[in-house]
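This briefing goes through selected features of one protein model. Please keep the sequence and the structure open while reading.

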Amino acid sequence: MKFEQMQYARPDFDAARETFASLRARIAAAPDAQAQLEAFREFETLSRHISTMSTLAEIRHTVDTRDAFYEAEREFFDANSPALGEAQLDVYRALLASPFRTQLEQALGRLTFEKMEVDVKSSDPAILELMAEENALTTAYEKLYASALIEFDGRKNTVSQMSLYKQNPDRAVRKAAYEAEGAWFDAHRAELDELYDKLVKNRTAQARKLGYENFIPLGAIRMRRIGYTLEDMAAYRAQIKKDFVPVVAELKKLQYARTGVADPKFYDDAFCFADGNPAPHGTPEEILAAGREMYHALSPETAEFIDEMFDGGLFDVLSKEGKAPGGYCTYLADYKAPFIFSNFNGTSDDVDVLTHEAGHAFAAWVAARKDLPMILEEPGMESCEIHSMSMEFLTAEHHEKFFGTDTPRYELAHAEDAMYFLPYGTMVDEFQHIMYAEPDLTPGERNAVWAKLESEYRPWLDFAGLPFYGCGAGWQRQLHIYEVPFYYIDYCLAQTVALQFFTAFLHDKKDAWRRYLALVGEAGGKTYPGLVAAAGLDSPFAPGTLAKLGKEVGAWIAAQDAALNAR
Ligand SMILES: [Zn+2]
């Protein structure tokens, strides 16, 4: 079915709550597993339908924010979904208490129950009030951040608009851009400190109410981490620090030499090419058409997928008046249809939409054909990002369709980005571990922790001349630290796997693709370590994995850099 033909009607939430309550009662009183499975199937059908209507309203609202009807529908879902979510968790609770657990696990898979357990644990009626307060605090941060308008270049810029100036070939412009942005954060320091302090204390109180010593274990539950432990993650961070940081430090020297920066400062960090960053050629329509060709050439599976996406109108990526900013990939369960939203802007971001977001969409499309319980359609966040980040590398053979003779520069910048990200993302995770282990630190102590971590994870950076960054307050720009605690290392865990797909691709393209299909084909039926093993890749938690990966990708970057310099 075409997207425009999909019918929206607001679900009857009162009726849905009653249905969930009666399904819960039927499960509790069921004489056998069969009766419970039947009730569970009805539960899934209704849950899928409500999710489809919510997603449809969200898409149509972001496609045209001026449409008052869908704006009101979204507000309705925002206001009423939490209570309905509790009624759905009650159904999980009834299934988890079933005396027929063995038969249920045979039918639905053991992981289904592990996932339900984690969902139930992360939302307890005892902490609902604290959770509402936490929501209000993150909304306040979001609003403050969105209100940041930075006077620069004769206009008011948002934080994301400032990023272009930070890569400007003129060093004075880069420096001034960092100064202007830092000055906004300096001016709002007290509010930002206070919001974070309240968030840390609120989350600590939630954890203690549930019997944990601090928020760290509850944070792992909220991120639905299954199949690996907090110790595994600490071992990963230690590997990054010991084996990966020295490799990136060497690569940074190549970048500075290439761009002719003799005395590198922080404001030279995002500056990759003296003659500007590679951008895709052609009109937005041509870029979109090249994306379709790319997936036709890649494999029979992706050819079928991309045709369904185009023929179903499941893309809305061209810039239009009234569209919301940003981009996302979502899923319409009733129609088994992914949907991609974006605003093409003429930079390499447009190609990322066609590789990264389409990677998410391809995984959803594959999972939809498997008839799985809803909870097994998607793995955890750390694994969903494997689908997308790996697709960015596995489509490399076709990037010429977008970048032409600029392709080698794009490939170099892309691999460098992936490498540089790992120390930063891991530092964000370690910072949060310290914040929640010691919830009573003062704002000054928090900044001192960040400054120390900067010197360990990114020792090549020199913050001279930038007071905001120099004093260790740079973490206040990172939305995830405020909004979704402990979500961020997921990108590192995924990137570590995506980089392994990159090296596999360099050795044997067909084999790399076969492994990728094996991983995507498991959908959410395995945990993160299980998915990595299914693709025959090294566990990011095992000693030596990051040393080997750093060496291989580092060597490729050095060779690519040398080849470009010789041109
Ligand atoms: Zn993603």
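The notes below cover helix packing, a few single residues, backbone angles and cysteines. The model is predicted, not determined by experiment. Helix 21 is one place to begin, since its contacts with helix 17 and with helix 24 are both described here.

**Helix 17 and helix 21**

- Helix 17 spans residues 407–437 and helix 21 spans residues 489–507; their axes come within 8 Å and cross at roughly 150 degrees.
- An angle over 145 degrees counts as roughly antiparallel, so helix 17 and helix 21 are roughly antiparallel to each other.
- The crossing of these two helices, 17 and 21, is left-handed.
- On the side of helix 17, the contact is made by Ala415, Ala418, Met419, Phe421, Leu422, Gly425, Thr426 and Asp429.
- On the side of helix 21, the contact is made by Ile489, Tyr491, Cys492, Gln495, Thr496, Leu499 and Phe502.
- By type, the residues of this contact between helix 17 and helix 21 are 10 nonpolar, four polar and one charged.

**Helix 21 and helix 24**

- Helix 24 covers residues 545–566, and its axis and that of helix 21 come within 10 Å, crossing at roughly 55 degrees.
- At that angle, helix 21 and helix 24 are therefore oblique to each other.
- The crossing of helix 21 with helix 24 is left-handed.
- Helix 21 contributes Thr496, Leu499, Gln500, Phe502, Thr503, Leu506 and His507 to the contact, while helix 24 contributes Thr545, Leu546, Leu549, Glu552, Val553 and Trp556.
- The residues of the contact between helix 21 and helix 24 divide into seven nonpolar, five polar and one charged.
- Thr496, Leu499 and Phe502 of helix 21 are among the residues in the contact with helix 17, and they are also listed in the contact with helix 24.

**Two residues within helices**

- Asp429 lies in helix 17 and takes part in the contact with helix 21.
- Is Asp429 buried or exposed? Asp429 is buried, because its relative accessible area is 1%.
- Apart from neighbours within four places in sequence, Asp429 is in contact with Met233, Arg237, Phe486 and Ile489.
- Leu199 lies in helix 9, which runs over residues 189–209.
- Leu199 counts as buried because its relative accessibility is 0%.
- Not counting residues up to four places away in sequence, Leu199 touches Glu134, Leu137, Thr138 and Tyr482.
- Leu199 and Gln432 are 233 residues apart in sequence, yet their C-alpha atoms are 12 Å apart in space.

**Positive phi angles**

- Phe486 is not a glycine, but it has a positive phi of about 70 degrees.
- Phe486 is in the loop between helix 20 (479–483) and helix 21.
- With a relative accessible area of 4%, Phe486 is buried, and it is one of the residues in contact with Asp429.
- Lys336 is likewise not a glycine and has a positive phi of about 50 degrees.
- The loop that holds Lys336 is between strand 4 (328–332) and strand 5 (337–341).
- Lys336 is partly exposed, with a relative accessible area of 38%.

**Cysteines**

- How many disulfides does the structure hold? The structure holds zero disulfides.
- For Cys272, the nearest cysteine sulfur is that of Cys492, 18 Å away; a disulfide needs the two sulfur atoms within 2.5 Å, so Cys272 is in no disulfide.
- Cys272 is buried, with a relative accessible area of 11%.
- Cys471 is partly exposed, with a relative accessible area of 32%.

Methods. Residues numbered from 1 in each chain as written. Predicted model: local features only at pLDDT ≥ 70, side-chain atom pairs only at ≥ 80, totals over all residues. Heavy atoms only, no water. Axes fitted to C-alpha atoms, helices over the stretch in contact; angles between N-to-C directions. Helix = DSSP H or I, 4+ residues; strand = E, 2+ residues; numbered from the N terminus. Parallel < 35°, antiparallel > 145°, perpendicular 65-115°, else oblique. Left-handed = near helix turned anticlockwise from the far one by under 90°. Contact = heavy atoms within 4.5 Å. Nonpolar A, V, L, I, M, F, W, Y, C, P; charged D, E, K, R; others polar. Buried < 20%, exposed > 50% of the residue type's maximum accessible area, 1.4 Å probe, protein only.
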